[in-house]
Amino acid sequence: MEKSNHNALEKENNGFQQLLTKYLPYWPLFIFLLIVSGAGLYFYLKFTPPIYETKASVLIKDETKGQEDSKMEEVLNVFGTKKIVENELEIFHSNSLISSVVKTLGLYAPMYEEKGWRGLGTTSAYLTSPITVTVPNPNEIDEARNIYFNFSKADSTVQIAGEKYPLDKWVNTAWGPLRFTANPHYYPNTKKTHESVKYYFNLISLDHATNDILGNLMVTAASKQSSIINLSIKDPVAQKSESIISEIVLAYNKASADRKSGVALKTLKFIEDRLKNASKELDSVENSIQKYKDATGVVDISEQSKLYLSSIESNDKQLSNLNLQLSALDEVEKYVKAKNNNGNIVPSTFNINDPSLSKLLNDLSTAEAQYERLKRTTAENNPIMLSLQEEINRIRPNILENINSQRRNIEAGKTTLLESKDRYSAMLNSVPQKERQLVEVSRQHNIKNDIYSFLLQKKEETAYSITSILPDCYIVSNPTTSGDPVSPKKLFLVLLALMAPVTIGILMISLKDIFNGKILYRADIEKLTTFPIIGELIHEKLKKPIVTENAERSFIIEQFRLIRTSLKHQGNPPGNIKRILVSSSIKGDGKSFVSANLAISIGRSGKKVALLELDLHQPTLSEIFEVPKCDGITDYLLGKVKADEIIVPTSKHENVYLIPAGYLVDEPSELLIPDKLEALFKVLDAQFDFLVIDTAPLKVLSDGLTIAPLCNLLLYVIRHNHTPKSHIELLSKDLDAYDIKNVAIIFNDVKNRGIGKYSYGYGYGYGYDIRSTYEEYGKRKKKIS
């Protein structure tokens, strides 16, 4: 258990070290990105105005959540309707309500002050501008941008494009009629007066200004069980946000009051019309009574007649009330049947005691008003519009059904009352004939008088309710602005400025490696093949291709010594290596460089080495060893010379001999017959300890695949950032097809990564730099000597 935990910890540490050293060589890139990110953050914070959040809370009378009016409020708020919080949320966030706020506050003409280089420091001048701009019709604004102006305190004039305009007067300008007024919120900048700052204003459409506010306005319910609505808005100027929220509440209450007032006025008109008719009828009856008394001499009625009148009075009152209800139902029916009410005022139902009808009418009015608001900015096939239309179409039949049901009930009540009237008429027959007509006229007088008194009472109630309309919402928490800005969030931006360069740098390096398509890391080779990597050759700027001829101690010489030492552990059984074939994937991988220097390194160990130039297509070893053109392998394979005649000693080392390619011929691959090659190798085996054979690239020509089965080991050279990954990915399959078993890899020309001495090679390009170790060793050696 302890061992497994140790292994897991070691693996985790190695993974972290691998990640660290993979990207650490590119530290200048990360530093550059950090500088750019820091500079961007500095200028962003310098030129971006802070945004503050203003919040307020209002209380709504929601009948579903226990918010009921007091008895006195019910008397005063005759035409008020109960509210539902969910509906009021939409109203507070409606286009029509916010557009009225824009008009009132003049937000269609925002003011700005410009400072800094090319106006990068532009900020809102809601408080610092000495003037505001008003247009006569905000619904018809021709948008204009950057209208610069100067204000003169001396003569209170505004100068635009050379023209001077007075304050508080409508003037004609290039942008239409405008009126300039003193800014009621003016708070001069103590650091810079308005005379040293460039001011300008924009004229934007009402819809544009409304949408800007709606985009920053949040309207939410405090909780599911609460009738409190929270309003919040974000803006660079706190006073502007507070004014907007205050005006939203005022506009909401005003719209509600206007609606109640409209209903009350319509009701009052209905009552006054009825009063006129009742007054005329009452006057006519009173005149009839007086004429009858004068004509008959009857001054008063008997006790029996008084009994009849008192009995039928209640009956007549009920009939009058039912007739009034029928009239009100007719008005409601006319309203409901109208297909396009366009937000018309709902008819009064003051004398209809049916709460379900009042609720249905309120729901219909609310749905129609919302439909009209959305219709201005939303397409008719919008799902919300279609849903509202369906709701309206569903409510209308319900109201008509309710009206018909009530009308039937009223007619039934009238029938009952008329039957009672017949019984009272029998009572009237017992009254003397001369007195009977006076009783009938007196009865009519009582009916008309009762109707007149009832209408007068309702008129007074309605008139009183108009002058005492109560608001539908109350401010619970006044608009307050946060002390600290909500945007930009400095701590978050600082963290982002630190993390973004690191992330971008890692992404850039990773993408560069992914899309490179070449072998970059030792890990790439280990992932794509199972062959051992017996050596890595660091990149050096060489003056000559032979580096191992001298006895001096250098890093690359030591690397060839390590490769020479590792040859003892290759082969089957290990150490049974005599013929070494050196090849690669494509031209330029460095196989000839490796062959030449490996041969000399082996020769310096006291072994006799034959270096065969078997790349018969583009031989380079003769040039490297400065051997002139002479008979070689091609001549031997053609039977022109013997094997002993093509062995050439080299000047690089006494133990190293070159077997040159000879004179080039057409289609040299056809000369590579295994039997002839085996015969040549046997002759050389007898004279040399090692045969190092340089052949053509395997992915280009088949020469190496012909020679490899005759050798003990294939050294495959892979060059950093040159050999394609796709070639190495198929290497194992290609060699297995030719039954080539003993293969080892040399990672050649491994370059430093980034800036500094960081290798792509061993340990996935991680760990300490071996070259630095040898440099330090050389310095210490010189000091000792």
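How many bridges join β11 to strand β12? I looked this up in the predicted model and found five, between strands that run antiparallel. Strand β12 covers residues 228-235.

**Entry 1. The open sheet**

I traced the sheet to which these strands belong. It is an open sheet of four strands, in the order β11-β12-β1-β13, with antiparallel pairing. I noted that β11 (217-221) and β13 (473-481) stand at its edges. Each of the two has a single partner strand, so one side of each is left without a neighbour in the sheet. For the turn between neighbouring strands I recorded an average of 15 degrees, direction ignored.

I then looked for a residue pair across β11 and β12, and noted Val 219 opposite Leu 231 in β12. Helix α6 (residues 206-216) packs on this sheet and touches β11 and β12. The direction of helix α6 makes about 50 degrees with that of β11.

**Entry 2. Aromatic pairs**

I counted the aromatic pairs and obtained 11. I examined Tyr 148 and Tyr 200 in detail: their ring centres are 5.1 Å apart and their planes stand at 50 degrees, so I entered the pair as tilted. Tyr 148 belongs to strand β5 (residues 144-152) and Tyr 200 to strand β10 (residues 198-203), so the pair ties together parts 52 residues apart in sequence. I checked the accessibility of both residues. Tyr 148 is partly exposed, at a relative accessible area of 34%, whereas Tyr 200 counts as buried at 8%.

I next took up Phe 149 and Phe 201. Their ring centres lie 5.9 Å apart with the planes at 45 degrees, so this pair is tilted. Phe 149 is in strand β5 and Phe 201 in strand β10, so here too the parts tied together are 52 residues apart in sequence. I found both Phe 149 and Phe 201 buried. The two also belong to one aromatic cluster, together with Tyr 165, Phe 180 and Tyr 199.

**Entry 3. Nonpolar cores**

Which residues have the most contacts inside the largest nonpolar core? I listed Phe 92, Phe 180, Phe 201, Leu 203, Ile 229 and Ile 248, in a core of 51 residues. Helix α7 (residues 238-296) supplies the largest share of this core, six residues.

I followed Phe 180 further. Leaving out residues up to four places away in sequence, I found that Phe 180 touches residues including Ile 131, Val 133, Val 158, Ile 160, Tyr 165, Leu 167, Val 171 and Phe 201. Thr 132, Asp 168 and Lys 169 are also among the residues that Phe 180 touches.

Apart from this core I recorded another, of 46 residues, with Phe 555, Phe 688, Ile 693 and Leu 735 among them.

**Entry 4. Lysines**

I looked up where lysine charges sit over rings. The charged end of Lys 608 is over the ring of Phe 688, 5.2 Å from its centre. Lys 46 lies over the face of Phe 47, at 5.9 Å from the ring centre.

Is Lys 240 buried or exposed? I found Lys 240 buried, because its relative accessible area of 17% falls below the cut-off of 20%. Lys 240 is placed in helix α7. With neighbours within four places in sequence left aside, I recorded contacts of Lys 240 with Leu 107, Tyr 126 and Asp 235.

Conventions
Residues numbered from 1 in each chain as written. Predicted model: local features only at pLDDT ≥ 70, side-chain atom pairs only at ≥ 80, totals over all residues. Heavy atoms only, no water. Phe/Tyr/Trp six-rings, centres within 6.5 Å; stacked < 30°, edge-to-face > 60°. Buried < 20%, exposed > 50% of the residue type's maximum accessible area, 1.4 Å probe, protein only. Lys NZ or Arg CZ within 6 Å of the ring centre and 35° of its normal. Pairing = 2+ DSSP bridges. Axes fitted to C-alpha atoms, helices over the stretch in contact; angles between N-to-C directions. Contact = heavy atoms within 4.5 Å. Core = buried A, V, L, I, M, F, W, Y, C linked by side-chain atoms within 4.5 Å.
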